[in-house]
Amino acid sequence: MYAVIKTGGKQYRVASGEKIKVEQIAADVGQEIVLDQVLAVGNGGDLKIGSPLVSGATVKATIVAHGKHDKVRIFKMRRRKHYQKRQGHRQQFTELQIGAIAL
């Protein structure tokens, strides 16, 4: 069984037992959260699609860790103008262990 969930402005296809990294969620490590924005639920050939959400469907997940992604380097340059700008960014994430998917 799998589900398509929406969190942090992004959509993820998840199955029970998977680990995923999502945008940071304000909760403690080890805490169990319920993701209720479920867009679709599939089980083999059977697929239930919401409009926009599947009513009554939830995904339970446990927070494993918080952290920062690798650094993204931004480099801007204007040729022949003697302009160069360097910048970096590390986005924060929350790692989730997907538990039960309920309809």
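These questions and answers walk through a predicted model, from the whole chain down to single residues.

Q: How many helices and how many strands does the protein chain have?
A: Read along the sequence, the pattern is β-β-β-β-β-β-β-β-β-β. The count for the protein chain is 0 helices and 10 strands.

Q: What is the radius of gyration of the protein chain, set against that of a compact globule of 103 residues?
A: The C-alpha atoms fill a box of roughly 60 × 30 × 20 Å along the principal axes. A compact globule of 103 residues would come out near 13 Å. The protein chain has 18 Å.

Q: What percentage of the 103 residues count as buried?
A: The accessible surface of the protein chain is about 7200 Å², and 46% of that belongs to carbon and sulfur atoms. Buried here means under 20% relative accessible area. By that cut-off, the buried share of the 103 residues is 30%.

Q: Among contacts between residues at least 6 apart in sequence, what share joins residues at least 24 apart?
A: Pairing between β3 and β10 is antiparallel, over 5 bridges. For the protein chain, the share of such contacts that join residues at least 24 apart is 63%.

Q: Over how many bridges do β7 and β10 pair?
A: Strand β7 covers residues 58–68, and strand β10 covers residues 92–102. One bridge sets I63 against L96 in β10. The two strands run antiparallel, and their bridges number 9.

Q: Which residue stands opposite T94 in β10?
A: T94 lies in β10, and β10 pairs with β3 in the antiparallel sense. T94 is in contact with I20, K21, V22, E23, Q24 and I25, among others. The residue opposite T94 is V22.

Q: Is T94 buried or exposed?
A: Beyond its neighbours within four places in sequence, T94 has contacts that include I63, A65 and H66. Its relative accessible area is 0%. The cut-off for buried is under 20%, so T94 is buried.

Q: Which residue's backbone nitrogen does the side chain of T94 reach?
A: T94 is buried, at 0% relative accessible area. Its side chain still finds a polar partner, at 2.9 Å. That partner is the backbone nitrogen of I25.

Q: Where does K60 fall: buried, partly exposed or exposed?
A: K60 lies in β7. It touches E32, I33, V34, Q97, I98, G99 and A100, leaving out residues up to four places away in sequence. Its relative accessibility is 40%. Exposed needs over 50% and buried under 20%, so K60 is partly exposed.

Q: How far apart in space are K60 and G45, C-alpha to C-alpha?
A: In sequence, 15 residues separate K60 and G45. In space, C-alpha to C-alpha, the separation is 23 Å.

Q: Which side chains meet in a salt bridge?
A: A search of the whole structure finds 1 salt bridge. It joins strand β2 to strand β3, so it ties together parts that are 13 residues apart in sequence. One partner has a relative accessible area of 38% and the other 22%; each is partly exposed. At 2.9 Å, N to O, the pair is K10 and E23.

Q: Which residue in the turn between β8 and β9 has a positive phi?
A: Strands β8 and β9 pair in the antiparallel sense over 7 bridges. One bridge partners M77 with Q84 in β9. The hairpin leaves 4 residues between the strands. The residue with a positive phi, about 65 degrees, is R80.

Technical notes
Residues are numbered from 1 along each chain as its sequence is written. This is a predicted model: local features need pLDDT of at least 70, side-chain atom pairs count only at pLDDT 80 or more; totals for chains, interfaces and linings use all residues. Side-chain values use heavy atoms; hydrogens and water are left out. Buried means under 20% relative accessible area, exposed over 50%, partly exposed in between (1.4 Å probe, protein chains only). A polar contact is a pair of N or O atoms within 3.5 Å; within protein, one must be able to donate a hydrogen and the other to accept it, and residues adjacent in sequence count only if both atoms are side-chain atoms. Contact means heavy atoms within 4.5 Å. Two strands pair if DSSP finds at least two bridges between them. A salt bridge is a side-chain nitrogen of Lys or Arg within 4 Å of a carboxyl oxygen of Asp or Glu. The radius of gyration is taken over C-alpha atoms; the globule rule is 2.2 Å times the number of residues to the power 0.38. Accessible areas come from the Shrake-Rupley method with a 1.4 Å probe; for residues, only the protein chains shown count as cover.
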